[in-house]
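Reader: I am new to this one. Please show me the structure, and let me ask how each label is earned.

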Amino acid sequence: ELTSDRLAQWYAAELADLCVHLGTNMRYMPHAQYLRYVFASGRIGEALQCRVFGGHRDPPWWAPHYNRATSRGGVLASTLIHPLDMALYVCGYPRPVTVSASARRVFPGKRGPLACAEVRQRHDVEDLIAGHIRCANGLALQLDGNWCDDTGGCAGFELIGSRGTLRSSPFEVLVEGDDGTVTRETPALAGTAFAQRRIPVA
């Protein structure tokens, strides 16, 4: 909801020539900072394809994300947006050229008996989505969001490059050497500048 307090914050930020970020918290995680660093270094080559995924075993009933009037969207706007922002941040925000998607609501056909009557009555957003974004640099982004994920649900991305792969969940760096062999180069971030968030954010 756009309140007078939030408008005042945005106005103050504009006067100070600052940028206000909403829902971009995952990009500041140590592993996201490190993956951005690796990608920017050219270590995995050109970005070719990225799968972005996000979901839950059960819809997030703890907040009214399931109601369009309150949330303005379902699994994409509430859940998938976070790993999508992190993936775009890591690969330098390539310019989208085309976007297509299919979305549907599977609740209450799935998980219906687990929800209270109020949730069943107010749930009116998409909870399953598949999307595709084609970028100007050739990167293809695949989006998979599911609020009724039978496998348990998690969020993250896998970025395939011309010389390696970056994964946010589980955190992993895979690099192809000049001899064609793939090496796992995932560091332990505890105690590093990345873990202490001392890396400048651009």
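Reader: Leaving aside neighbours within four places in sequence, which residues is leucine 166 in contact with?

Author: Contact means heavy atoms within 4.5 Å. By that rule, leucine 166 touches Leu35, Val38, Phe39, Ile44, Val90, Phe157, Glu158, Leu159, Glu172 and Val173. A caution: this is a predicted model, where local features need pLDDT of at least 70, side-chain atom pairs count only at pLDDT 80 or more, and totals for chains, interfaces and linings use all residues. Residues are numbered from 1 along each chain as its sequence is written, and side-chain values use heavy atoms, with hydrogens and water left out.

Reader: Why is tyrosine 34 called buried or exposed?

Author: Buried means under 20% relative accessible area, exposed over 50%, partly exposed in between (1.4 Å probe, protein chains only). Tyrosine 34 has 15%, so it counts as buried. Phenylalanine 171 has 21%, so it is partly exposed.

Reader: What makes tyrosine 34 and phenylalanine 171 an aromatic pair, and of which kind?

Author: Rings of Phe, Tyr and Trp (its six-membered ring) pair if their centres lie within 6.5 Å; planes under 30 degrees apart are stacked, over 60 edge-to-face, the rest tilted. Here the centres are 6.2 Å apart and the planes make 85°, so the pair is edge-to-face.

Reader: How do you know that the charge of arginine 36 sits over the ring of tyrosine 89?

Author: The rule asks for NZ of Lys or CZ of Arg within 6 Å of the ring centre and within 35 degrees of the ring normal. The charged end of arginine 36 sits over the tyrosine 89 ring, 4.1 Å from its centre.
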